[in-house]
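Colleague: I have a model open and some questions about it. Can we go through them one by one?

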Amino acid sequence: MKEWSIQEIAKLAGTTSRTLRHYGELGLLTPSSVGANGYRRYDSAALLRLQRILLLRELGLGLPQIAEIIARPAAAEAALAAHLAWLRDEQQRLGRQIASVEKTITTLEKGEEPMAEDMFDGFDHTQYKDEVTERWGEKAYADSDRWWRGMDAATQADWKTQTAALNAAWQDAAASGLASDSAEAQELAARHVAWLRGIPGTPAADPHGDIAGYVRGLGEMYVADERFGANYGGVAGATFVRDALAVYADRNL
């Protein structure tokens with residue numbers, strides 16, 4: 001089986017030999033062989049593992065969290081498929097943003113007035129306004145909208161990173177075949193509810209609201225609506241999230 005040197009892998013992955021050695025010290029990325037001269041070499045299985053590590057790093061996860069995720073007995077194909085679904089969703093969103101900015105530049109270069117409706121495709125956080133208002137009322141939408149607009153760009157980016165990391169953790173857990181009532185799944189469910197509680201205007205943020213009903217209803221919506229299900233790798237992943245949240249609601253809410 002072909003092996004690559006640590007310098008070759010560092011160059012291919014756009015990282016450093018020092019980083020790879022650090023991953024090795026943490027037990028994240030073990031060399032497939034070490035020569036008598038101490039040189040580390042990596043086979044294709046190690047490369048697959050490194051790809052997952054780097055994907056999870058880009059989602060904002062810390063190394064301890066990554067270690068927990070990749071230690072789960074999930075097939076590499078299933079885990080990567082879950083990552084791919086999230087990446088494609090992000091690709092579509094970024095593609096819309098790129099096209100929007102390119103169109104604005106072209107319009108300005110022509111000395112024309114940009115069209116407002118063309119300038120914010122892919123940026124709009126109000127796309128679910130009608131649904132939120134219908135389900136939970138105008139105040140719920142107004143509170144959450146005020147909360148979002150009150151953030152600076154860095155805080156919004158950090159919140160998006162945390163959300164992406166949570167979605168990725170759900171996808172990995174679903175791909176690993178965990179039971180919805182397992183300790184790992186219930187830990188994710190608790191994290192998910194804490195995330196919901198941090199969004200003003202939602203029933204989860206209201207100490208007098210029907211938090212259990214809200215959490216169960218969201219789980220059903222994740223399965224029924226492919227837009228939300230895509231966050232968890234599709235229907236199978238969304239079903240796992242729904243079932244785990246339902247167990248958590250029964251036990252804790």
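Colleague: Into how many nonpolar, polar and charged residues does the lining of the second largest pocket divide?

Modeller: Keep in mind that this is a predicted model. The lining includes Leu61, Ile69, Ala169 and Leu188. It also includes Gln65, Glu68, Arg72, Glu184, Glu187 and Arg191. Sorted by type, that gives 4 nonpolar, 1 polar and 5 charged.

Colleague: Which helix gives the most to the lining of the second largest pocket?

Modeller: The space in this pocket is about 200 Å³. Two helices, helix 4 (63–70) and helix 10 (183–197), each supply at least two residues of its lining. With 4 residues, the top contributor is helix 10.

Colleague: Which helix supplies the largest share of the largest nonpolar core?

Modeller: That core has 47 residues. Among the helices that each supply at least two of them are helix 1 (6–13), helix 9 (153–175) and helix 11 (211–224). The largest share is 7 residues, and it comes from helix 11.

Colleague: Which residues does Tyr222 touch, not counting those up to four places away in sequence?

Modeller: Tyr222 is one of the core residues that touch the most other members. Leu20, Tyr23, Leu29, Ile66 and Trp170 are also in that group. Leaving out residues up to four places away in sequence, Tyr222 touches His192, Trp195, Phe228, Gly229, Tyr232, Ala238, Val241 and Leu245.

Colleague: Which element has the lowest mean pLDDT?

Modeller: The chain averages a pLDDT of 79, and 81% of the residues score at least 70. Where pLDDT is low, the predicted coordinates should not be read in detail. Helix 13 has the highest mean, 94. The lowest mean, 50, belongs to helix 7.

Note on methods: Residues are numbered from 1 along each chain as its sequence is written. This is a predicted model: local features need pLDDT of at least 70, side-chain atom pairs count only at pLDDT 80 or more; totals for chains, interfaces and linings use all residues. Side-chain values use heavy atoms; hydrogens and water are left out. On a 1 Å grid over the protein atoms alone, a cavity is a set of points where a 1.4 Å probe fits but cannot get out, and a pocket is an open set with protein on both sides within 12 Å along at least five of seven lines; lining residues have an atom within 4 Å of a point. Grid points are joined across faces, edges and corners, and a volume is the space filled by probe spheres set on the points. Ala, Val, Leu, Ile, Met, Phe, Trp, Tyr, Cys and Pro count as nonpolar, Asp, Glu, Lys and Arg as charged, and the others, Gly among them, as polar. A nonpolar core is a set of buried Ala, Val, Leu, Ile, Met, Phe, Trp, Tyr and Cys residues joined through side-chain atoms within 4.5 Å. Buried means under 20% relative accessible area, exposed over 50%, partly exposed in between (1.4 Å probe, protein chains only). Contact means heavy atoms within 4.5 Å. pLDDT is the predictor's confidence in each residue, from 0 to 100.
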